[in-house]
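Got a minute for a quick tour of a fold? Have the viewer open and follow along from the overall shape down to the cavities.

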Amino acid sequence: MPQADPPTPAPAPTTAAAVDPAPVAPVDLMALNFSLEALPTGFARPTHVTHAGDSSGRLFVTEQAGQIWIVRDGERTLFLDVLANVGASGNEQGLLSIAFHPRFAESGAFFINYTDRNGTTIVARYQVDPTDPDRADPASAQILLTIEQPAPNHNGGLLKFGPDGYLYIGTGDGGAAGDPWGSGQSLNTLLGKVLRIDVDGPAPYSVPADNPFVGQADVRPEIWAWGLRNPWRFAFDRATGDLFIADVGQNEFEEVHFAPADSSGGVNYGWNIMEGEVCFRTNTCDQAGLDLPVAVYSHNEAPSGCSITGGYVYRGSAFPQLAGVYLYTDYCTGNLWALHQANGAWQDQVVGELSINASSFGEDEAGELYLVDREGGGLYRLVVN
């Protein structure tokens, strides 16, 4: 695709307020040496890693084909096998994430996001086997949500509970290229969005009364944010509740969006009017009402990349010099980026280079960070020396 020309001046976009998540220590991030500590390997195309929040110390790793593994004390245990349900023929299809209910220790409920054999996105609820905490009950499956996908790519796929206890769901624009179905800018489709639902309401779910589009005609009330291309990974700052959304770009730009904890939702992040900070396919465009990214990197300018893998704001205790820094990487180059605010302005820089194709970051219960390598099958802890 030809490179888009820079846009001519347009009405100023509405941008997220600059809110310091927490004071960031005046440390030279470039002086830090980031490395990866390998944990048990042998996974087949891992897509996600997370914890259950139940004080068990377990990590859970999803594999694209349809299995979920527990990692604990250097050992792997099969937690759930849904191979028969999952369709993973497309490069971006498969079992894409797992999220545990905020009261998982009491409820035993967790949720998975996958594409089925027809390529349809499924969000399903499961229960732990009441006789074995290291096994899920495959017979407990309850489908909450189905979203038909017109193409096999841009499935989004992340599930994550927010500080408000609601389940947030990232969905891509439906695939192909350039958003041919106009999903990003349409409010009557669930594609190209971040959704927000209440899994504790009447089955299969309810819509929170304060979702931004509740009660509006011809608008899906599940929508929390829109104008996204493929929000493959997003994360809440566990200390502040601020939301960081890493949106995978088209041919030129990868981007990070920020929503402060007090956001009431309803934000339009611009796709496919914009890609990054420039108009998409046109020289000029109407940017009024759009929330532009707080960080962008190009495919064509050093340090380059091809596909953003969103991470987390570091809130662990092992590396206090990273407190309040949002870390993310690029799937192709392995460039590790550090994003934070200083004196009300966003600072974004490459601080290292990882030797893996990182499909996902993850946190443990203590806030330490992990990554999974989709191609190599590895699970790693992020270390700073």
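What follows goes through the chain as a whole, then some of its strands and sheets, and then its cavities.

First things first: this is a predicted model. The chain has 385 residues, and its radius of gyration is 20 Å; a compact globule with that many residues would be near 21 Å, so the chain agrees with the globule rule. Along its principal axes, the C-alpha trace spans about 65 × 55 × 35 Å. As for secondary structure, you get 1 helix and 27 strands. Of the 385 residues, 59% count as buried.

For a look at a covered strand, go to E6, residues 95-100. Here 6 of 6 residues are buried, so to speak of E6 as mostly covered is fair, given that buried means under 20% relative accessible area. E6 runs antiparallel to strand E7 (residues 109-115), and 5 bridges join the two. One spot to click on is Leu95, whose bridge partner in E7 is Tyr114.

Now for the sheets. One of them is an open sheet of 5 strands in the order E10-E11-E12-E13-E17, and its pairing is mixed. At its edges sit strand E10 (159-161) and strand E17 (267-268), each of which pairs on one side only. Inside that order, strand E11 (residues 167-171) pairs with strand E12 (residues 193-197) in the antiparallel sense, over 5 bridges. Leu167 has Ile197 in E12 as its bridge partner.

Another open sheet has 4 strands, ordered E21-E22-E23-E24, and this one has antiparallel pairing. Strand E21 (308-313) and strand E24 (345-353) are the edge strands, each pairing on one side only. From one strand to the next, the twist averages 25°. In the middle of the order, strand E22 (residues 326-330) and strand E23 (residues 335-342) run antiparallel and are joined by 4 bridges. Tyr326 is the residue to pick there, standing opposite Leu339 in E23.

On to the empty space. How many cavities of 30 Å³ or more are there? The count comes to 2. Here they are side by side:

| Cavity | Volume | Lining by class |
|---|---|---|
| Largest | About 40 Å³ | 5 nonpolar, 4 polar and 2 charged residues |
| Second largest | About 30 Å³ | 6 nonpolar, 2 polar and no charged residues |

Which strands each supply at least two residues of the lining of the largest cavity? They are strand E14 (233-236), E21 and strand E25 (358-363). E21 is also an edge strand of the sheet of 4 strands. The full lining of the largest cavity is His48, Leu158, Lys160, Arg233, Phe234, Ala235, Gly310, Gly311, Tyr312, Ser360 and Phe361. The charged residues in that lining number 2, and the lining includes Lys160 and Arg233.

The second largest cavity is lined by Trp224, Ala225, Leu243, Ala259, Ser263, Gly265, Val267 and Tyr269. No charged residues turn up in this lining, which has 6 nonpolar and 2 polar ones. Val267 is worth a click if you are coming from the sheet of 5 strands: it lines this cavity, and the edge strand E17 covers 267-268.

Key
Residues numbered from 1 in each chain as written. Predicted model: local features only at pLDDT ≥ 70, side-chain atom pairs only at ≥ 80, totals over all residues. Heavy atoms only, no water. Pairing = 2+ DSSP bridges. Axes fitted to C-alpha atoms, helices over the stretch in contact; angles between N-to-C directions. 1 Å grid on protein atoms, 1.4 Å probe; cavity = no way out; pocket = protein on both sides within 12 Å on 5 of 7 lines; lining within 4 Å. Points joined across faces, edges and corners; volume = space filled by probe spheres on them. Nonpolar A, V, L, I, M, F, W, Y, C, P; charged D, E, K, R; others polar. Rg over C-alpha atoms; globule rule 2.2 N^0.38 Å. Buried < 20%, exposed > 50% of the residue type's maximum accessible area, 1.4 Å probe, protein only.
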